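Biologist: I would like a close look at a single part of this model, taken residue by residue and then helix by helix. Please keep the account connected.

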Amino acid sequence: MSASAQADSPQATAESVADFLRRVRTGIEGGLDPVTAANRAADELPQRLARLVQLLSRRVRGEYHEDEWGFDEEFAEAVYPVFEFLYEVWWRVDAAGVRNVPAHGRALLVSNHAGSLFPFDASMILLAIMKQHPLPRWARFLVLDWAFVLPFISAFMRRVGGLPASKHNAARLLEQDEVVMVFPEGVKGTGKQFSERYRLQRFGRGGFVEVALRTGSPIIPVAVVGSEEIYPKLGNARPVARAVGAPFVPITPTFPWLGPLGLVPLPSKWRIEFCEPIDLSSHGPDAADDPRLLFDVSEQVRETIQARLYENLVERRAAFFQPL
Amino acid sequence: MMGRRVVIIGVASHWGRALARRLERDPEIDYLAGIDTGKAPADLGRTDFIEADIRSPLLSRLLPRTEADTIVHCGILWYPEPGKPARVLHDVNVIGTLQLLAACERTRTLERLVVRGSAAIYGCEGATPYFFTERMARTLPLRTRFQRDISELEAYVENFARRHPEIGCCTLRYQPEVGPDLGTPLVRYLQLPVVPTQLGWDPRLQLVHADDATAALEAATRSQARGAVNVAPSGSISLSHILRVLRRPTLPIPHPLFGPALERLGRRLGAGPIYGDGVRLLRFGRGVDNRRLLDEVGYRPRFNAEAAIRDFAAKSHGLRIAPSIHPGDVVGRFAGAAR
């Protein structure tokens, strides 16, 4: 991360922009043509603004790199501060056991899924690794297919490392030694009522275990506490959901009553725990054809996450305001 | 293999001609013939041009007489061409392939059949595997006419291959090609002075460099690979990135209006409408896995997805008349400023 760029206050940036424009104007008034005037003024730009200009001009000229999945690291870095604010200020995330994520090589993170309107858990797990891990790395995450038939959201997801939830995508990423996040509960997890919070739903068909076995990746269960309270789902606007083709449209205490304000997530207190990796390499890739083993491992992961969820819920105490 | 006899179907098409030019230089090939309708391409040397329509049963009498051991089918049409309107596409693609297979059946000397197909068989959907492997064909609904045609003719070729295990049949599934002088609807679209895009969408694309497209076809003709093989560059590149590299200003249009708008605007600016699954391709994009091309055909594309576009940009810059107004170029003039 470009830590220095973030350290600059927006005020200082605005001042230097104004300064630049003033110098261009004096240049033009002094009889220079606009291009030369801008060039002269730019020579005197402060370092950090010069860097920004350089970055932007590189972007518009297409001189940047996207990997074969469409992940754009510079774009991800640009939106990083927004999520950093959510992580540090809004949700005060406590992350434990980040070192269980390997610094190199493949790993499959399996987590509970919640947050009806916008599930932020993937982004917060990603930030926990980026901020707390001694060797930060970008994790990729599998997203509900529906997000990829929506304009804007599909393009955004792809650029920050999201992919349509497909076994083929997960397997190929793991073969490339990436860290991949999956949410086996899927829509059942995000769409459950507030009264059922922190109760894990069925874990799909155990497809994630199959992928882990085939690629020889360790499974790291992740328990996320706090994501259930950001948009408490009290009801489901089923006719609206059917009309737009969405899996569900939640009704929360603030959405849709407050309009766009209802999109602001509630500031619950979050805890993320990365559990001990489950090493499956002893089974060999052919074990992926054994449905018994798939269900066993799937159940083991599910129980681990459920147990850690309860533990962390107790340790968190209040959901919103921490008693002193 | 010495003394090979090769017949190219659809030799008047761009790819048939390009392949014939390459094969003409090969001394191992004793006899080279091309079959197509219309006039013989002027730039071919020793290729024996046979005028015949792929749709006619006459092919069954012509083809055995050539005593060909290798037949390359380049006659599949992606989009209407002058003299080949939209309504004959199905006839040429499906009925033509059927006639060709019937003719192949009579050609006793045949050892190898290469069909130049299309990756359109995979379709374009929002949520798909990002890299289709050859086994994933027909897992998604076939939405356009061209997709159904391609799927149908591939099924015929597969059937033929099953009945004739002694003939090595290979279908190449091409991603769209890119090159400054290709003149395909997609290339003309990318060369528009202002490129309409679909608002909020940014598809991932893999465009095959024209040199790689021809070289892969040649490699497949020589190799022993059987079954379907994807032809695509490694990696992928998004449309927005492509247009920045090409310095083309974009005009985002809400996606329901994109097709009609492109048809209107395209005609006025000199690029026709986008055919077949082009509109869906420019919304959802498509990526395919090219490992079989590398490992089994043994051809490694010279250009990856980004390099193919950069080369295309470098070669089409000379075609510009007016100075560029793209912010990328404007910024380029200020490039000294940042240093």
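Modeller: Contact here means heavy atoms within 4.5 Å. The model is a predicted one. With that cut-off, and not counting residues up to four places away in sequence, Met124(A) touches Phe83(A), Leu86(A), Tyr87(A), Trp91(A), Val93(A), Trp270(A) and Ile272(A). Met124(A) belongs to helix H6 of chain A. Its relative accessible area is 0%, so Met124(A) is buried. One of the residues it touches is Leu86(A); the two are 38 residues apart in sequence, while their C-alpha atoms are 8.5 Å apart in space.

Met124(A) also takes part in a helix pair. Among the residues of H5(A) that meet H6(A) are Phe83(A), Leu86(A) and Tyr87(A), and Met124(A) is on the H6(A) side. The H5(A) side further includes Tyr80(A), Glu84(A) and Glu88(A). From H6(A) come, besides Met124(A), Ser123(A), Leu127(A), Ala128(A), Met130(A), Lys131(A) and Gln132(A). By class, this contact of H5(A) with H6(A) holds eight nonpolar, two polar and three charged residues. Helix H5 covers residues 73-90 of chain A, and its axis comes within 10 Å of that of H6(A), crossing at roughly 95°. The two helices, H5(A) and H6(A), are therefore roughly perpendicular to each other.

Next comes the loop that leads into H6. His113(A) sits in the loop between strand S2 (107-111) and helix H6 (121-132) of chain A. The relative accessibility of His113(A) is 13%, which means that it counts as buried, the limit being under 20%. Its side chain makes a polar contact, at 3.1 Å, with the side chain of Asp121(A). With neighbours within four places in sequence left aside, the contacts of His113(A) are Pro119(A), Asp121(A), Phe183(A), Glu185(A), Gly186(A), Gly189(A), Thr190(A) and Lys192(A).

A second helix pair can be set beside H5 and H6. Helix H10 (residues 207-215) and helix H12 (residues 291-316), both of chain A, pack with their axes 9 Å apart at an angle of about 110°. That angle makes H10(A) roughly perpendicular to H12(A). On the H10(A) side the residues are Phe208(A), Val209(A), Glu210(A) and Leu213(A); they meet Leu293(A), Leu294(A), Val297(A), Ser298(A) and Val301(A) of H12(A). Sorted by class, the contact of H10(A) with H12(A) has seven nonpolar residues, one polar and one charged.

Technical notes:
Residues numbered from 1 in each chain as written. Chains lettered and ligands numbered in written order. Predicted model: local features only at pLDDT ≥ 70, side-chain atom pairs only at ≥ 80, totals over all residues. Heavy atoms only, no water. Helix = DSSP H or I, 4+ residues; strand = E, 2+ residues; numbered from the N terminus. Buried < 20%, exposed > 50% of the residue type's maximum accessible area, 1.4 Å probe, protein only. Polar contact = N/O pair within 3.5 Å; in protein donor to acceptor, adjacent residues only side chain to side chain. Axes fitted to C-alpha atoms, helices over the stretch in contact; angles between N-to-C directions. Parallel < 35°, antiparallel > 145°, perpendicular 65-115°, else oblique. Nonpolar A, V, L, I, M, F, W, Y, C, P; charged D, E, K, R; others polar.
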